[in-house]
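Work through the exercises below with the structure open. Try each task before reading its solution.

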Amino acid sequence: MKIEPNVRNAAAVLVVAGLVLLPLYSALSGNVFILTLFTRIVILALAAASLNLIMGYGGMMSFGHAAYLGIGGYAVGILAQEGFGSGFLQFPVALAASALFALVIGALSLRTRGVYFIMITLAFAQMAYYVASGLARYGGDDGLTIYKRSTFAGLINLSNRVQFYYLCLACLLGVIFLIWRIVNSRFGLVVQGLRSNEQRMQAIGFPAKRYQLVCFVIAGTLCGLAGALLANNTDFVSPAVMYWTRSGDLMVMVILGGMGSLFGPVIGAVVYLVLEELLSQVTEYWALIMGPLLLFVVLFGRGGIMGMLGRFSRG
Amino acid sequence: MLLVVEQILNGLQFGLLLFLLAAGLTLVFGIMDFVNLAHGSLYMMGAYFAATFVAWTGSFVLGAVLALGATLLLGIVLEFTALRHLYGRDHLDHVLATFGLILFFNEAVRLVWGPAGLALPLPAWLTVPVQILPGIQYPAYRLAIIVVALAVALLLYLGVMRTRVGMLIRAGASNREMIGALGINIKLLYTLVFGLGAALAGLAGMMQAPILTVQIGMGENILILAFVVIVIGGIGSIRGAFLAAILVGLIDTLGRAFLPNLLRQVLSGAAASTAAPALSSMLIYLLMAIVLVLRPEGLFPASKR
């Protein structure tokens, strides 16, 4: 696939370059806070990118994607609590648990479509939320503090801000590369074909549900990775990570950035979270501006920021 | 026995309240094909309006009527300024736009009424317990909720099935171009339906307000429950919403009341007391998942368009 020089790709390159150079800026300006903020942004961008795989390319509107953030996070938190501090154990467990959860709820949810699919994924995520609230041994409602970040046998130190930031960024870029390969593979083309016309794809002999399920599981697993990183970032995991408004936030990031574009979710996450941060510095009532802004984007900016950039470049 | 009757009545009352909320959602969804996450915000606004107007006028009934009018007006303004431009768009656009509205309303309430919750005190004549069966007392206010909600459900049924406007609404749901071509002002009709849905949500909010506190975000939890109700009942079906609402209300209330004791008989005390709250909160989601797996279109799917 040839990468064309246009506004959208330029925007993507710009954002990635900015993210790569950010620690340099943070070190030079002495602004430590910005690094903390952007670590969170990069992690949530990873979660949004995984949601984009099923939402943008697969046409599966999951309203329960934050569940994986919690599952990945709890895998790390619970193992740390029980004395297993190695990331080589924690991360695979986080991914496997997310994959398993995605497999089960995907198999059930994919029997429905449209708004019913949105709602059943929401219901499953709420169930996960209540299960986590019921884990009295691991903090229940109040959440679980993680006293020690994952260790990687001395290879990388997650307590070092810069190293942790670059680990998250590497994960994000790796995941985007993976999604790019998936989307352009035969498998990805089938999934996108199913988004456009499921009946036709079935008629030419593709087992629709099986392809969608695999795609759903991949997205869930990738979001579990984001969950494991997020728990390390905050040193804390609580049921609130899985609450439905968090799933809504992820959806907003994807749609704001541009569904079905590779870097859209990253741009969406950066814009949404930076805006949230800036507005909350200006006024305590930041949501008063953020809410109508979202409405405005939906009303006038079809295809999100990437869509607008695309139209802009075509004149 | 006493406890069982009381809990069944509580479940019925909660279910009917859910129905008021779900009816508006399912009407708006069934007729305009519009997913309105901000429906919970209208519920919240109804409660805040009621608390304000009751304090202002000093009369519970007058305050409630004023609040009902205010929510109706708010719904109409909302539809007219923003939401009508979203009909015919992708459902995802609806979700995003109304998610933005939730943020807006929560923040607006914080700005106007402050972050602390409000209380909506009941008048004296609604606080007395009523003897419903020999030896069984039940709070008058909860009984009043049941009566009002049943009356509204009946009115809604008659209004949709037996009046001319109701006929137009049903016709609009099955074919909007055709009814537009017949010279009916479909836009006005939609605005009306949306306002009606808003008023129903507001009514549910203000009726729930004296039982719980009036606070920011009160609409969000119950909104999810209302969605569960309309999904179980079959989206667009009022009858389905009614039955599913009662089912969900009963299961949720009875589960919370009796599940801990039931579990204690199977599990050890400590395990039961940790598992019970989580399990009883999960029950209705479990119900929804089971219903959707067995009947992907809900229990009473509205007739195909």
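The exercises cover a chain interface, three helix pairs and a hairpin in this predicted model.

**Exercise 1. The interface**

Task: Find how many residues of chain B are in contact with chain A, and which element of chain B gives the most.

Solution:
- Start with the totals. On chain B, 37 residues are in contact with 33 residues of chain A.
- Next, assign the chain B side to elements. Two or more residues come from each of α4 (91–113), α9 (218–233) and α11 (269–294) of chain B.
- Rank them. α4(B) gives the most, with 16 residues.
- Finish with the classes. The chain B side that touches chain A splits into 28 nonpolar, six polar and three charged residues.

**Exercise 2. The leading interface helix**

Task: Compare the reach of α4(B) with the span expected at 1.5 Å a residue.

Solution:
- Count the residues. α4(B) has 23.
- Take the distance from its first C-alpha to its last. This is 32 Å, close to the expected 33 Å.
- Look just past the end of α4(B). There, B:G114 takes a positive phi of about 85°.

**Exercise 3. α3 and α9 of chain A**

Task: Describe how helix α3 (residues 66–81) and helix α9 (residues 208–234) of chain A pack.

Solution:
- Two packed helices are described by the angle between their axes and the distance between the axes.
- Here the angle is about 55° and the axes are 6 Å apart. Therefore α3(A) is oblique to α9(A).
- Now the hand. α3(A) and α9(A) make a right-handed crossing.
- List the contact residues. α3(A) contributes, among them, A:G70, A:G72, A:G73 and A:G77. α9(A) contributes residues including A:G220, A:G224 and A:G227.
- Sort by class. The contact of α3(A) with α9(A) has eleven nonpolar, eight polar and no charged residues.

**Exercise 4. α2 and α11 of chain A**

Task: Give the crossing angle and the hand for helix α2 (residues 32–57) and helix α11 (residues 264–282) of chain A.

Solution:
- The axes come within 8 Å and cross at roughly 140°. Angles over 145 degrees would count as roughly antiparallel. So α2(A) is oblique to α11(A).
- The crossing of α2(A) and α11(A) is right-handed.
- From α2(A), residues including A:L37, A:I41, A:L44 and A:N52 take part. In α11(A), they meet residues including A:P265, A:V266, A:L273 and A:E277.
- By class, the contact of α2(A) with α11(A) holds twelve nonpolar, three polar and one charged residues.

**Exercise 5. α1 and α5 of chain B**

Task: Do the same analysis for helix α1 (residues 2–32) and helix α5 (residues 140–162) of chain B.

Solution:
- The packing angle is about 40°, and the axes are 9 Å apart. Angles under 35 degrees would count as roughly parallel. So α1(B) is oblique to α5(B).
- The hand is left: α1(B) passes α5(B) in a left-handed crossing.
- Among the contact residues of α1(B) are B:L9, B:Q13, B:F19 and B:A23. Those of α5(B) include B:R142, B:I145, B:V152 and B:L156.
- The contact of α1(B) with α5(B) divides into 14 nonpolar, one polar and one charged residues.

**Exercise 6. The hairpin of chain B**

Task: Work out how strand β1 (residues 129–133) and strand β2 (residues 136–139) of chain B are joined.

Solution:
- Count the bridges. Four join β1(B) to β2(B), and the strands run antiparallel.
- Locate the partners. B:V130 stands opposite B:Y138. B:L133 has B:I136 as its bridge partner.
- Check the connection. β1(B) and β2(B) form a hairpin with two residues between them.
- Inspect the turn. B:G135 has a positive phi of about 85°.

Definitions and conventions
Residues numbered from 1 in each chain as written. Chains lettered and ligands numbered in written order. Predicted model: local features only at pLDDT ≥ 70, side-chain atom pairs only at ≥ 80, totals over all residues. Contact = placed C-beta atoms within 7 Å. Nonpolar A, V, L, I, M, F, W, Y, C, P; charged D, E, K, R; others polar. Axes fitted to C-alpha atoms, helices over the stretch in contact; angles between N-to-C directions. Parallel < 35°, antiparallel > 145°, perpendicular 65-115°, else oblique. Left-handed = near helix turned anticlockwise from the far one by under 90°. Pairing = 2+ DSSP bridges. Expected span 1.5 Å × (residues − 1).
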